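Trainee: Hey, can we go through this one together? I'd like to start with the cysteines.
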Amino acid sequence: MAFAGLKKQINKANQYVTEKMGGAEGTKLDLDFMEMERKTDVTVELVEELQAKTKEYLQPNPTARAKMAAVKGISKLSGQAKSNTYPQPEGILADCMLTYGKKLGEDSIFASALVEMGDSLKQMADVKYSLDDNIKQNFLEPLHHLQTKDLKEVMHHRKKLQGRRLDFDCKKRRQAKDDEIRSAEEKFAESLQLAQVGMYNLLENDVEQVSQLVTFAEGMLDYHSQCSEILKVLVETLNEKREEAAARPKSEFVPKTLADLNIEILGSQDGMNETLFIFYLYRLASPLPSPMRSPARTPMPAKQTQPCCTALYDFEPENPGELGFKENDVITLIQRVDENWFEGSLNGRTGYFPQSYVQITVPLPNN
């Protein structure tokens, strides 16, 4: 049985080479079938790309996406059902404002304004979390199911159809027995039927796909509407704070002197000048060695063999987990996060940075 299967695969391979290299014409399917195949291929690419771009829309920060993917992988390995949530930028900014607003104290109008804005940003972060949950459940999960179930099954039938078509043409070309050709033809017809039905059901499912887009759009509308209401109330409150700060009378401030603080001044000005003069003479008599007298040797840079890049510009981190560097720094590459960001290390620090700020010196391996 194993030898027969191997022989069958060899015959298919020979038939494929004969068609491609020898000019032999294989069994042609109609234009409608070929158009269904083209649309199915486009759908496969669409579903994969749409999932990736939607995740980037929900969380533009590549650091958070990378951390989220790592946590998801670890939770799968350990069997734990961890929540793949990540801090929203509104929430991070809110924590900053709330922390320093409380540190400044209640007597500061600026501090109370910071607290008001921090509370509003917290509300916006909660609304964003609700949007994330809604889009993941009603848009991303159906797309993932379509990718792993329906599309996978359709592509399986298409691959099987290609193999059975090659087997049918091979047996016809070498004029096999009638019962062998008839059996290959029946299997070819069966796979053709399954492939056509699968692609038709996939491409005629517009109602469900459009319904998912409607859910996405409704979630975005609800998110922006709630944020708009929160910001309207915030702007009114901050305007009131500004008017309160402008109306508060300014008290006259007189800086205190050392005498006001009861700090005793040691020695007179003449005594200080004399002490400085004596110290100056002592330094002239026994000068201390200066590191500027012997210029340090500049070591020759070693040839880089591990993946690395050279910084074209200064990069200042704006989010936790990002790697800052200066122009001409050599950064060791660890991995590519996506098409625009890398993960690398520099002077013992590890983080993420944009590709547009660097020039690749030694690229990462293809795998």
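Mentor: Sure, one term before we count: a disulfide is a pair of cysteine sulfur atoms within 2.5 Å. By that rule, the count comes to zero disulfides. Keep in mind that this is a predicted model, where local features need pLDDT of at least 70, side-chain atom pairs count only at pLDDT 80 or more, and totals for chains, interfaces and linings use all residues. Residues are numbered from 1 along each chain as its sequence is written, and side-chain values use heavy atoms, with hydrogens and water left out.

Trainee: Is cysteine 227 buried or exposed?
Mentor: Cysteine 227 counts as buried because its relative accessibility is 6%. Buried means under 20% relative accessible area, exposed means over 50%, and partly exposed is in between (1.4 Å probe, protein chains only).

Trainee: And what does cysteine 96 count as?
Mentor: Cysteine 96 has 40% relative accessibility, so it counts as partly exposed.

Trainee: New topic: which strand does β2 join through a hairpin?
Mentor: The hairpin leads from β2 to β3 through four residues. Strands here are DSSP runs of E with at least two residues, helices are runs of H or I with at least four, and both are numbered from the N terminus.

Trainee: How many bridges join β2 to β3?
Mentor: Four, and β2 and β3 (residues 341-346) run antiparallel. Two strands pair if DSSP finds at least two bridges between them. For instance, glutamine 335 has glutamate 343 in β3 as its bridge partner.

Trainee: What about β1, in which sense does it pair with β2?
Mentor: Antiparallel, with three bridges between β1 (residues 308-311) and β2 (residues 330-336). Cysteine 309 stands opposite isoleucine 331 in β2.

Trainee: Now the loops. Where is asparagine 262?
Mentor: Look in the loop between α7 and α8. Asparagine 262 isn't a glycine, yet it has a positive phi of about 60 degrees. Asparagine 262 is also exposed, because its relative accessible area is 73%.

Trainee: What is the phi of glutamine 175?
Mentor: Positive, about 55 degrees, although glutamine 175 is not a glycine. You'll find glutamine 175 in the loop between α5 (109-173) and α6 (178-203). With a relative accessible area of 68%, glutamine 175 is exposed.

Trainee: Back to the other loop: what does isoleucine 263 count as?
Mentor: Partly exposed, because its relative accessibility is 44%. Isoleucine 263 lies in the loop between α7 (206-247) and α8 (269-285).
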